[in-house]
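I sat down today with a fresh model and a pot of tea. Here are my notes, in the order I looked things up.

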Amino acid sequence: MEEEILHLYQEPAIGASYTNTYGEENIRNLLDKYSSLDNGDMQKMMNMLINFSQSTDLATSFISVGVLHALGQSEGVAEAYSWANKQEDAERIISHFEIGKSVADYFS
């Protein structure tokens, strides 16, 4: 399951096409994956999303924040923002989080 979830972050590549300019497909695919899981696997994926939301890789973190936001996981989103505020480039990270949340609102 972990490999499949990691693959959903990477494929399709963000910005590689008009339909995935901001990770729209990645967010939708991750939400679809989450909804297809049983409760135990949902919790495992949720833990992955929370961990990835605090990644120094901007694509990984903003996609994770977008998915957490779409799932109504405000605590996980708040943890990501708290982490981001402690980073050297906090403004840049937070602006990407805002993109992820907006994409999730619009495309999910």
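The entries below go through helix packing, salt bridges, one peptide bond and two single residues.

**Entry 1: what kind of model**

I noted at the start that this is a predicted model.

**Entry 2: helix 1 against helix 3**

I began with helix 1, residues 2-10, and helix 3, residues 39-52. Their axes are 11 Å apart and the packing angle is about 45°. Oblique covers angles that are neither under 35 degrees, nor 65 to 115, nor over 145, so helix 1 is oblique to helix 3. I looked up the handedness too: helix 1 passes helix 3 in a right-handed crossing.

Which residues meet here? From helix 1 I listed Glu-2, Ile-5, Leu-6 and Tyr-9, and from helix 3 Met-45, Met-48, Leu-49 and Phe-52. Sorted by class, this contact has seven nonpolar residues, one charged and no polar.

**Entry 3: helix 2 against helix 4**

Next I took helix 2 (residues 24-35) and helix 4 (residues 58-70), whose axes lie 9 Å apart at an angle of about 50°. Helix 2 is therefore oblique to helix 4. The crossing of helix 2 past helix 4 is right-handed.

On the helix 2 side I found Asn-26, Ile-27, Leu-30 and Leu-31, which meet Ile-63, Gly-66, Val-67 and Ala-70 of helix 4. The class count for this contact is six nonpolar, two polar and no charged.

**Entry 4: helix 4 against helix 5**

I stayed with helix 4 and turned to its packing with helix 5, residues 74-85. The two axes come within 8 Å and cross at roughly 150°. Angles over 145 degrees count as roughly antiparallel, so that label goes to helix 4 and helix 5. Their crossing is left-handed.

In this contact, Val-65, Leu-68 and His-69 of helix 4 meet Gly-76, Val-77, Ala-80 and Tyr-81 of helix 5. I counted classes again: five nonpolar residues, two polar and no charged.

**Entry 5: Val-65 on its own**

Since Val-65 is one of the helix 4 residues in that contact, I looked it up separately. Is Val-65 buried or exposed? Val-65 is buried, as its relative accessible area is 0%.

What does Val-65 touch once its neighbours within four places in sequence are left aside? The list is Ser-53, Val-77, Ala-80, Tyr-81, Phe-97 and Lys-101. I also checked Val-65 against Gly-15, 50 residues apart along the chain, and their C-alpha atoms are separated by 18 Å.

**Entry 6: salt bridges**

How many salt bridges does a search of the whole structure find? The search gives four, and I wrote up some of them.

I started with Glu-4 and Lys-33, whose side chains meet at 2.9 Å, N to O. Glu-4 belongs to helix 1 and Lys-33 to helix 2, so this pair ties together parts that are 29 residues apart in sequence. Are the two partners buried or exposed? Glu-4 is partly exposed, at 41% relative accessible area. Lys-33 counts as buried because its relative accessibility is 13%, and the cut-off for buried is under 20%.

I then looked at Lys-44 and Asp-41, where the closest N and O atoms are 3.8 Å apart. That pair still counts, since the cut-off for a salt bridge is within 4 Å. Both sit in helix 3, three residues apart, so about one helical turn separates them. Asp-41 is partly exposed, with a relative accessible area of 23%.

Asp-89 and Arg-92 also form a salt bridge, at 3.0 Å from N to O. Asp-89 is partly exposed at 31% relative accessibility, and Arg-92 is partly exposed at 47%.

**Entry 7: a cis peptide bond**

I scanned the omega angles as well. Most peptide bonds are trans. The bond from Glu-11 to Pro-12, though, is cis, with omega near -5°. Where is Pro-12? Pro-12 sits in the loop between helix 1 and helix 2.

**Entry 8: Gln-10**

My last stop was Gln-10, which is in helix 1. Gln-10 is exposed, as its relative accessible area is 53%. I paired Gln-10 with Ala-59, 49 residues apart along the chain, and found their C-alpha atoms separated by 9.0 Å.

Terms used: Residues are numbered from 1 along each chain as its sequence is written. This is a predicted model: local features need pLDDT of at least 70, side-chain atom pairs count only at pLDDT 80 or more; totals for chains, interfaces and linings use all residues. Side-chain values use heavy atoms; hydrogens and water are left out. Axes are lines fitted to C-alpha atoms, for helices over the stretch in contact, and angles run from 0 to 180 degrees between N-to-C directions. Helices (H or I, at least four residues) and strands (E, at least two) are DSSP runs, numbered from the N terminus. A crossing is left-handed if the near helix is turned anticlockwise from the far one by less than a right angle, and right-handed if clockwise. Contact means heavy atoms within 4.5 Å. Ala, Val, Leu, Ile, Met, Phe, Trp, Tyr, Cys and Pro count as nonpolar, Asp, Glu, Lys and Arg as charged, and the others, Gly among them, as polar. Buried means under 20% relative accessible area, exposed over 50%, partly exposed in between (1.4 Å probe, protein chains only).
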